[in-house]
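Let's take a walk through this protein together. Have a look at the sequence and the fold, and then we'll go from strands to empty spaces to a few odd spots.

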Amino acid sequence: LKYAQRKDIIRNFVTAQMRIISILILTLLTATAHSQQNGLSAELRPQYGFIIPHRDGLKNLIQGHVKAGEVLVERQTTGSKHWEKAWLLPRVGLGLFVADLGNPRQLGWSTALYPYIRFKVNGGKNVRLNYRLGAGVGYISKVFDEETNYKNVMIGSHLNMVASMVGELEIDVTERLRTSFGFGLTHYSNGAFTIPNLGLNIPAISLGLNYNFKTNLLNDRVVVDPPIEKYGIIVYGLAGLKENYPVGSRKYGSYSLSADFYKRFGYRSRLVGTLDFFYNTSLKPRMIEEGMSVKNEFEVMQQGFMLSYQVLINRVAVVVGNGVYLNSKFKDDGLFYHRIGVQYKLNDKWVARWTLKTHLFRADHFEMGFGYRLK
């Protein structure tokens, strides 16, 4: 590299580091002031990791380690609701993630904001094992551009979905101060809404320092668990958008009608069998391109069956499922499909659902819609 180019890279790197530090400090100060008024806790969590080169051609984009940090503001549940006691009093909060992606010229920097929940796996009063799950939205500063950044085939959109998963060992230093050592994964993807969309997977080690502004919040009153249904049927209507290659193609609609048949196991989980009927309009041009005859729209339709396990947290259900196509003329995506996402119980009859449909580790599209409980 020429001197001017090296100087520009160094300047961008220093600017990214200062941006990370400034945002984290400002957010932590704001969170601290808010926490003192509402009995919350605030945590600062620096991280050090890397981007996984999970596809050919990505190694040239990975030029350095990922330096990142999180600011977390959370609330300790008190056991005043039945789901809180069922999950052994988890902590719920909001996280801000800021990272330098190790390649300021082609990848730039990223930030994300997501709600999360932190569960205790086991442990005693002062030492415990936790895991944390969160999902929200993220921004990446440098994305694919045919003229100025054509080598960045990881991501094609500034705005993306972000998922965060962390396992940690947490130790109480004092009654109010906690420290933790963790290993986690942060994932960025736009669900093929804009291609390219190979996604960013960032594993990292982290060190957390958490200060609790109010202790002894636990509620000792008896909480009566409401009755639960053992079996149920929910019918969904879902829709989404996706792009086909080449880059810059139009966006195609994808629609599905699904029926869940579930067996519930207490307050924390249920097993679900799903019948799916897909109408993905992006398949028609792909079939024609491969020389397949498409006589009518029915030949584009697919039918499948999925078995999923759903974790229930109050009104939220975390959906993880694996399915098989029972009937599909288009074979290039393989025999199996998968879903991961969440659904929210609006009332006793209606739920809202948001899931990512994939084929192994390749995103197909996001699905959004509503479901109605028949039983």
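In which sense do β5 and strand β6 (residues 159-172) pair, and over how many bridges? The pairing is antiparallel, and 13 bridges hold the two together. One pair to look for is Y131, which stands opposite G167 in β6. Two strands are said to pair here if DSSP finds at least two bridges between them. Helices (H or I, at least four residues) and strands (E, at least two) are DSSP runs, numbered from the N terminus. Strands of a sheet pair through backbone hydrogen bonds, either parallel or antiparallel.

Before going on, a word on what you're looking at: this is a predicted model, in which local features need pLDDT of at least 70 and side-chain atom pairs count only at pLDDT 80 or more, while totals for chains, interfaces and linings use all residues. Residues are numbered from 1 along each chain as its sequence is written, and side-chain values use heavy atoms, with hydrogens and water left out.

Now step back to the whole protein. It has 3 helices and 16 strands. Of its 375 residues, 46% count as buried, where buried means under 20% relative accessible area, exposed over 50%, and partly exposed in between (1.4 Å probe, protein chains only). Take the contacts (heavy atoms within 4.5 Å) between residues at least 6 apart in sequence: 61% of them join residues at least 24 apart.

So how are the strands arranged? Start with β1-β2-β3-β4-β5-β6-β7-β8: in that order, these 8 strands close into a barrel with antiparallel pairing. Neighbouring strands of this sheet are turned by 25 degrees against each other on average, direction ignored; the axes behind that angle are lines fitted to C-alpha atoms, for helices over the stretch in contact, and angles run from 0 to 180 degrees between N-to-C directions. Going round this barrel, you'll find strand β4 (residues 109-123) joined to strand β5 (residues 127-140) by 11 bridges, running antiparallel. A hairpin of 3 residues makes the connection from β4 to β5, and I117 stands opposite L133 in β5. Further along, 12 bridges join strand β7 (residues 177-189) to β8, again antiparallel, with L209 in β8 as the bridge partner of T179.

Then there is a closed barrel of 8 strands that runs β9-β10-β11-β12-β13-β14-β15-β16, also with antiparallel pairing. Its neighbouring strands are turned by 25 degrees against each other on average, direction ignored. Here strand β9 (residues 231-243) and strand β10 (residues 251-265) run antiparallel and are joined by 13 bridges; L241 stands opposite G253 in β10.

Next, the empty spaces. On a 1 Å grid over the protein atoms alone, a cavity is a set of points where a 1.4 Å probe fits but cannot get out, and a pocket is an open set with protein on both sides within 12 Å along at least five of seven lines; lining residues have an atom within 4 Å of a point. The largest pocket holds about 1400 Å³ of space. Its lining counts 46 residues, with G134, A135, A163, I340 and G341 nearest the centre. Strand β14 (residues 336-345) gives the most to that lining, namely 7 residues.

The whole structure has 1 cavity of 30 Å³ or more, and about 50 Å³ of space lies in the largest cavity. Among the residues that line it are Q47, S164, G184 and I202. The elements giving two or more residues to this lining are β6, β7 and β8.

Let's stop at I202, which lies in strand β8 (residues 200-212). I202 counts as buried because its relative accessibility is 3%. Leaving aside neighbours within four places in sequence, I202 touches F50, I51, V66, L101, G184, L185, T186 and Y188. Y48 is 154 residues away from I202 in sequence, yet their C-alpha atoms are 9.5 Å apart.

Last, some unusual backbone spots. Most residues other than glycine have a negative phi, and most peptide bonds are trans. A cis peptide bond, with omega about 0 degrees, joins I195 and P196, and P196 is found in the loop between β7 and β8. L88 is not a glycine, but has a positive phi of about 60 degrees; L88 sits in the loop between α2 (82-86) and β3 (91-100). N314 likewise has a positive phi of about 60 degrees without being a glycine, in the loop between β12 (302-313) and β13 (316-327).

How values were computed:
Grid points are joined across faces, edges and corners, and a volume is the space filled by probe spheres set on the points.
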